[in-house]
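Subject: The structure for you to look at

Hi,

Here is the structure I said I would pass on. Have a look through it first, then read my notes underneath.

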Amino acid sequence: MEHKQLDKASLAALLTSLMAEQTVFAPVLRDGVSTFDVLADIGDLAFPADGIPRVAPKQAVMPRTEVLFYYRLGKNTEKMAPPPPAEPQVLFGVHPCDVQAIKVLDAVFGAEPHPDELYLARRRVTTVVGLGVSQESVPQHRFFEKMGISSMDARDCDLFLTPLADETYVLEVLTEQGQQLLELAGELPCADAVALANVGKLRKAAEERVTREIDVDVLQEKLSGMFESEMWAGIADKCVGCGACAYLCPTCHCFDIQDERRGDTGSRVRNWDTCQFEEFTKHASGHNPRTSQHGRARQRIMHKFEYGYRNFGIPFCTGCGRCIGVCPVNNNLLTMLDGIRKSDPPSESDGSPTSPDEL
Ligand code: SF4
Ligand code: SF4
């Protein structure tokens with residue numbers, strides 16, 4: 001495995017080379033908000049102190065809005081054209097918990113028997129450069145270490161960047177795709193022994209901070225018997241259904257499909273949506289099986305820690321804490337998880353929904 005050593009100038013040179021060849025997404029400041037977005041100018045690069053921008057990298061692999069196909073209406077409706085093919089892109093500086101979130105999206109959109117070809121095509125041309133963060137104490141609302149994720153975890157990355165104290169960076173090559181990306185930048189010096197030893201120390205210290213105190217197996221078992229729990233009403237009483245928690249969540253992936261038509265031509269478009277909105281479950285008939293905020297609050301938690309985990313073997317939450325930081329009424333996922341953990345064991349009668357109207 002290769003390790004390259006970069007100083008501030010060579011990091012900028014590397015990014016300039018990459019930006020000349022591919023679309024580079026990275027943490028930037030947009031109107032003062034830390035956002036994972038297209039890097040148009042090297043000067044815009046702004047790694048947040050804890051490595052987690054307010055807006056997650058999700059939008060690079062699952063755009064907020066995307067055309068599925070274009071069509072023309074005629075005697076017989078014809079499909080006109082698919083959207084243009086996905087262009088190669090780099091996600092540069094992704095925190096390990098957001099790398100884990102992309103893994104969740106890969107599992108959902110890659111699932112048989114109906115894998116999402118648009119998503120998968122984009123992922124195939126996406127190179128992920130992870131970002132290690134050595135910050136010793138993370139903000140209270142971030143709980144990825146309780147979920148078993150280290151801030152220096154390089155798993156599932158193509159390249160991994162570790163910032164050292166003296167504005168030196170070590171770039172680790174982890175996959176063939178990462179190697180090919182690096183070749184776009186030409187020759188880079190190999191990391192020296194001191195830098196490598198420092199990376200080793202930082203990684204060990206970060207691993208020691210991982211507590212794994214949130215046991216998702218326990219949560220899943222408890223939740224399987226909490227469909228009728230009064231806890232949901234308590235959460236829903238405060239919730240204003242703004243959907244901010246879901247839109248900022250790096251793993252939430254609900255979408256809506258709309259036709260946008262002008263005259264005889266149009267496009268079918270997929271847009272982000274959220275289970276926190278009443279309209280999300282409204283049928284074409286007008287019937288809505290989930291009319292209460294109570295049911296919507298329950299759905300979000302159940303999907304993350306019960307149904308999603310049961311079906312895919314991976315929790316649909318990484319502990320990034322964005323939902324806690326953004327909620328205007330201070331609904332706190334960590335407090336909810338604690339309540340679930342301390343709840344009574346599931347009873348036989350208090351289980352999964354028995355009719356579609358209970359969802
Ligand atoms: S549910 Fe909250 S803490 Fe978990 S991944 Fe989503 S935003 Fe992050
Ligand atoms: S951010 Fe808070 S108020 Fe808004 S939908 Fe989520 S839980 Fe409800």
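Below is what I found, going from the domains to the ligands.

First, keep in mind that this is a predicted model.

**The two domains**

The domain assignment splits the chain into domain 1, covering 3–208, and domain 2, covering 216–358. If you take the centres over C-alpha atoms, those of domain 1 and domain 2 are 27 Å apart. Where the two touch, domain 1 puts in 34 residues and domain 2 puts in 24.

Which elements supply the side of domain 1 that touches domain 2? Both β4 (65–72) and α3 (96–109) give at least two residues each to that side. The largest share is from α3, with nine residues. Sorted by class, this side of domain 1 has 22 nonpolar residues, nine charged ones and three polar ones.

**The two ligands**

Now for ligand 1, which has 13 residues around it. The closest are Cys-249, Cys-317, Cys-320, Arg-322 and Cys-323. Its shell is made up of seven nonpolar, four polar and two charged residues.

Ligand 2 is also surrounded by 13 residues. Here the closest are Cys-239, Cys-242, Cys-245, Cys-327 and Asn-331. How many charged residues are in the shell around ligand 2? There are none: that shell divides into nine nonpolar and four polar residues.

A good way in is to find Cys-249 and Cys-317 by ligand 1, then Cys-239 and Cys-242 by ligand 2.

Cheers

Definitions and conventions:
Residues numbered from 1 in each chain as written. Chains lettered and ligands numbered in written order. Predicted model: local features only at pLDDT ≥ 70, side-chain atom pairs only at ≥ 80, totals over all residues. Near = placed C-beta within 6 Å. Nonpolar A, V, L, I, M, F, W, Y, C, P; charged D, E, K, R; others polar. Domains from an automatic or database assignment. Contact = placed C-beta atoms within 7 Å. Helix = DSSP H or I, 4+ residues; strand = E, 2+ residues; numbered from the N terminus.
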